[in-house]
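Subject: Handing over the model and notes on its packing

Dear colleague,

I am passing on the structure we spoke about, together with my notes on how its parts fit together. Please read the notes with the model open beside them.

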Amino acid sequence: MTFRLSSLAIVFLLSALCAAKPNCSPRETFDRPIKASNDLSRILRAARSGDRDAQFLAGLTYEAGCGMDQDYMQAARWYRKAADGGHAGAQNNLGGLYLQGLGVEQSDTEAMKWYLRAALDGNPAAQNNLGYMYETGRGERSSSGTQNGSDEAVKWYRKAAKAGYAAAELNLGRALFHGTGVRQDLVEAVRWFEKAAGSGSAAACDQLGLVYQHGWGVRQDYAVAEKWYRTALQRGFSPASRDLARLDELTHPIAH
């Protein structure tokens, strides 16, 4: 049996990316929302005094460039200060900068190091990112002794998914669907897709559209599939428009 799932974005770097507008907000935050640039001077004062949360916020503000130009070097500088002090959110974000080579020299080894520190501290974003590193072969040797194992990826996805982290719920569902690093279980995969959708994942909504359209792990139901595709579109997942169009062609064929 051949399955098709639409392409999933596995990297969820948790770097807050938004347009340079005074009131913009990040797609994802860690502990607190980004402060507007007119609050940066207060944040920097606290950061210079050694406040780890303020150092993290300074890095987040520079990375996002909300109301100011993005400055990845400054972001990396402040993340590192907070990360060295044990701030898990900053460790995760610093790992993201290393993975992309933003403000620092690109290094999968450094990315892995910082993701692992934050993941061991219980940060679900870092746990998900660590899973990505293992799944894509960019991680170091796993704790089980295998090199870049998908089984190790599933372990970290599961930790983050149990904490209710949407990206990891989606990734765990995907692993279960394909039987990657875990025994294939379509019913369980759908359960995690539903959890991810409930946690706000637009991509998970599209996945649910696909499984209901094809009857993978559920009873085939075109009406439910359409509902999920439309929900994905409403949440901004543009690839769902293609899947919705294909479903429409299937249910409303053009007469010749």
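Helices here are DSSP runs of H or I of at least four residues, strands are runs of E of at least two, and both are numbered from the N terminus. With that in mind, the order of elements from the N terminus onward reads α-α-α-α-α-α-α-α-α-α-α-α, and the count comes to 12 helices and 0 strands. Please keep in mind throughout that this is a predicted model.

As for the chain as a whole, 49% of its 256 residues count as buried. Among the contacts with a sequence separation of 6 or more, 52% join residues that are 24 or more positions apart. The largest nonpolar core takes in 75 residues, and Y79 and V211 are the ones with the most contacts inside it. Helix α10, which covers residues 202-214, gives the most to this core, with 8 residues.

The helix pairs come next, beginning with α3 and α4. Helix α3 spans residues 72-84 and helix α4 spans residues 88-100, and their axes come within 8 Å of each other while crossing at roughly 140°. Angles over 145 degrees would count as roughly antiparallel, and α3 and α4 are therefore oblique to each other. The crossing in which α3 passes α4 is left-handed. On the α3 side the contact is made by Y72, A75, A76, Y79, R80, A82 and A83, and on the α4 side by A90, Q91, N93, L94, L97 and Y98. Sorted by class, the residues of this contact between α3 and α4 are 10 nonpolar, 2 polar and 1 charged. Y79, which belongs to this contact, is also one of the two residues named above for having the most contacts inside the largest nonpolar core.

Helix α4 also packs against helix α5 (residues 108-120), where the two axes come within 8 Å and cross at roughly 160°. That angle makes α4 roughly antiparallel to α5, and this crossing, too, is left-handed. From α4 the residues involved are A88, Q91, N92, L94, G95, G96, Y98 and L99, and they meet D108, E110, A111, W114, Y115, R117 and A118 of α5. The contact of α4 with α5 holds 8 nonpolar, 4 polar and 3 charged residues. If you compare the two lists for α4, you will find that Q91, L94 and Y98 appear both in the contact with α3 and in the contact with α5.

How are α10 and α12 oriented to each other? Helix α12 covers residues 240-251, and the pair packs at an angle of about 20°, with axes 10 Å apart; α10 and α12 are therefore roughly parallel to each other. Their crossing is left-handed. In this contact D206, L210 and Q213 of α10 meet A240, D243, L247 and L250 of α12, a set that divides into 4 nonpolar, 1 polar and 2 charged residues.

Three single positions also deserve a look while you have the model open.

The first is S41, which sits in helix α1 (residues 40-48). Is S41 buried or exposed? With a relative accessible area of 42%, S41 is partly exposed. S41 and A58 are 17 residues apart in sequence, while their C-alpha atoms are 9.4 Å apart in space.

The second is P124, which belongs to helix α6 (residues 124-135). P124 is partly exposed as well, with a relative accessible area of 26%. Once its neighbours within four places in sequence are set aside, P124 is in contact with A160, A163 and Y165. P124 and W156 are separated by 32 residues in sequence, with a C-alpha to C-alpha distance of 8.7 Å.

The third is W216, which lies in the loop between α10 and α11, the latter being residues 222-234. Because its relative accessibility is 9%, W216 counts as buried. W216 and L186 are 30 residues apart in sequence, and their C-alpha atoms are 6.6 Å apart in space.

With best regards

Key:
Residues are numbered from 1 along each chain as its sequence is written. This is a predicted model: local features need pLDDT of at least 70, side-chain atom pairs count only at pLDDT 80 or more; totals for chains, interfaces and linings use all residues. Side-chain values use heavy atoms; hydrogens and water are left out. Axes are lines fitted to C-alpha atoms, for helices over the stretch in contact, and angles run from 0 to 180 degrees between N-to-C directions. Angles under 35 degrees count as roughly parallel, over 145 as roughly antiparallel, 65 to 115 as roughly perpendicular and the rest as oblique. A crossing is left-handed if the near helix is turned anticlockwise from the far one by less than a right angle, and right-handed if clockwise. Contact means heavy atoms within 4.5 Å. Ala, Val, Leu, Ile, Met, Phe, Trp, Tyr, Cys and Pro count as nonpolar, Asp, Glu, Lys and Arg as charged, and the others, Gly among them, as polar. A nonpolar core is a set of buried Ala, Val, Leu, Ile, Met, Phe, Trp, Tyr and Cys residues joined through side-chain atoms within 4.5 Å. Buried means under 20% relative accessible area, exposed over 50%, partly exposed in between (1.4 Å probe, protein chains only).
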